[in-house]
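Hi,

Here is the structure I promised to pass on. Have a look at it first, and then read my notes below.

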Amino acid sequence: MIDDQPVLLETRGRSLHITLNRPRAINALTHTMVRLIDEALTAAERDGTVTSVVLTGAGERGLCAGGDIRALHDDTRAGGRASLDFWRDEYRLNARIARFSKPYVALMDGIVMGGGVGVSAHGSLRIVTERSRVAMPETVIGFVPDVGGTHLLAAAPGELGTHLALTGRAVGAADALLCGLADHYVPTRRLPELMEALAASVTAEEVARTVRGFAEEPSTAEPGELAAQRDWIDACYATDSVEEIVRRLEDTAASASASTAHAAADVVAELGGRSPLALKVTLAAVRRAARLGSLEAVLDQEFRVSARIREEPDFVEGVRARIIDKDGSPHWKPATLAEVDDSTVARFFAPLGPDEPELGLAPGATATGTA
């Protein structure tokens, strides 16, 4: 291995270990990393001695904080096309991980956000720890959940996925399990032992048994929050209107018990700081994802949305306010939910046309739309 490479590969017994290796950036994904992971999966599929693939992140902070937001921001400001090329390969990788022919074990330790969810939560065996913080935080920067995130969140119980998609909140192990973003909880201290056991697992069935053998119930020191909040979350988010969601949250904040009122008021405040355009397109994306069904069809949709939302000022402005200047005061355009009408939202889901070929992952997809 060459330690300065952005992706490290190591065969340990019957496992191929893929380590994301940009620890100072919490292993944020670059286009090169996406290509290297894809190449590693090709090699693993062809190698009869490899029983499983294990994905980890270098450093102590997390598996992956997402895509390289600064690079995407700079490319968008310059009017470049590198972002589209990156997303095209990244989303194809997400679909490949979901259909990978061998056990794909993702160790979702620490921060797992955005693109980090894309390379982990579509795997066949997804492991969280007491340190896990899992999120699709795109609305915070004026963007929309992608990498198959709307597919995952649309499948969460009740309206929990809608809540996480709009707020961009991070969840711990218990809530990640509840929402279907992970399968098993294993304490961080036991991960080295688990990896040794995986190296000795000869069949796919044995890999699955090995993981189950290490799985525990999440510690009572890191309890989930969402199960106890299901009633008011489901009631507030069960609508296709962001304005109505906010109205219901405000009513809950004004009339519910103290703890529920406080929680709802916090959400109202959070949504008030998000891009109105991103909120409305995100809600529509989650609702459409639920109807589309397959991950591939949803990724095709997300590519259309990503290609279009980068053309809006809110993405560049959101990254500036959150990542670059860090002033926390984005100036959204449009500034209010009322200024974002249904026709504006619908435009983000229309076929891109021959000048911007779509991803084309879903069966029947064409260069100008999905059949």
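What follows is a run through what turned up, from the core to the backbone oddities.

One caveat before anything else: this is a predicted model.

**Cores**

The largest nonpolar core takes in 88 residues. If you want to find your way into it, start from the residues with the most contacts inside that core: Ile-18, Leu-20, Leu-41, Tyr-104, Met-108, Val-134 and Leu-249. There is also a second core, separate from that one, with 13 residues, among them Leu-107, Leu-191, Met-195 and Leu-198.

Val-134 is a good one to click on. Leaving out residues up to four places away in sequence, Val-134 touches Met-108, Val-112, Val-117, Val-128, Arg-169, Ala-170, Val-171, Ala-176 and Leu-181.

**The cavity**

Val-134 comes up again here, as one of the residues lining the largest cavity. The others in that lining are Ala-135, Met-136, Leu-153, Leu-164, Arg-169 and Leu-181. By class, that makes six nonpolar residues, no polar ones and one charged. The space inside is about 50 Å³, and the structure holds one cavity of 30 Å³ or more.

**The pocket**

How much space lies in the largest pocket? About 840 Å³. Its lining is made of 35 residues, and the ones nearest the centre are Ala-65, Gly-67, Ile-69, Pro-137 and Ile-323. Helix H2, helix H3 (82-98), strand E6 and helix H15 each give at least two residues to the lining. Sorted by class, the lining of this pocket has 19 nonpolar, six polar and 10 charged residues.

**Salt bridges**

I count 25 salt bridges in the structure. Three are worth pulling up.

Start with Asp-75 and Arg-310, whose closest N and O atoms are 3.0 Å apart. Asp-75 sits in helix H2 (residues 69-77), while Arg-310 is in the loop between helix H14 (295-309) and helix H15 (313-324), so this pair ties together parts that are 235 residues apart in sequence. Are the two partners buried or exposed? Asp-75 has a relative accessible area of 13%, which makes it buried, and Arg-310 is buried as well, at 10%.

Next, Arg-131 and Asp-109 meet in a salt bridge at 3.1 Å, N to O. Arg-131 belongs to the loop between strand E7 (125-128) and strand E8 (133-135), and Asp-109 to the loop between strand E5 (104-108) and strand E6 (111-113), so the parts tied together here are 22 residues apart in sequence. Arg-131 is partly exposed, at 29% relative accessibility, whereas Asp-109 is buried at 13%.

Then there is Arg-247 with Glu-244, at 2.5 Å from N to O. Both lie in helix H11 (residues 242-255), three residues apart, so about one helical turn separates them. Arg-247 is partly exposed, with a relative accessible area of 37%. This pair also belongs to a salt-bridge network that links Glu-244, Arg-247, Arg-248 and Asp-251.

**A buried loop residue**

Val-50 is in the loop between helix H1 (31-46) and strand E3 (52-57). What does Val-50 touch, once residues up to four places away in sequence are set aside? The contacts are Arg-14, Leu-16, Ala-44 and Lys-102. With Lys-102, the C-alpha to C-alpha distance is 8.6 Å, although the two are 52 residues apart in sequence. At 5% relative accessibility, Val-50 counts as buried.

**Backbone oddities**

Three spots to check by eye:

- Lys-333 and Pro-334 are joined by a cis peptide bond, with omega at about 0 degrees. Pro-334 is in the loop between H15 and helix H16 (342-347).
- Asn-27 is not a glycine, yet has a positive phi of about 60 degrees. Its place is the loop between strand E2 (15-20) and H1, and at 0% relative accessibility Asn-27 is buried.
- Val-147, also not a glycine, has a positive phi of about 50 degrees. Val-147 lies in the loop between E8 and helix H5 (149-154) and is buried, at 1% relative accessibility.

That's the lot from my side. Shout if anything looks off when you open it.

Cheers

Terms used: Residues numbered from 1 in each chain as written. Predicted model: local features only at pLDDT ≥ 70, side-chain atom pairs only at ≥ 80, totals over all residues. Heavy atoms only, no water. Core = buried A, V, L, I, M, F, W, Y, C linked by side-chain atoms within 4.5 Å. Buried < 20%, exposed > 50% of the residue type's maximum accessible area, 1.4 Å probe, protein only. Contact = heavy atoms within 4.5 Å. Salt bridge = Lys/Arg side-chain N within 4 Å of Asp/Glu carboxyl O. Helix = DSSP H or I, 4+ residues; strand = E, 2+ residues; numbered from the N terminus. 1 Å grid on protein atoms, 1.4 Å probe; cavity = no way out; pocket = protein on both sides within 12 Å on 5 of 7 lines; lining within 4 Å. Points joined across faces, edges and corners; volume = space filled by probe spheres on them. Nonpolar A, V, L, I, M, F, W, Y, C, P; charged D, E, K, R; others polar.
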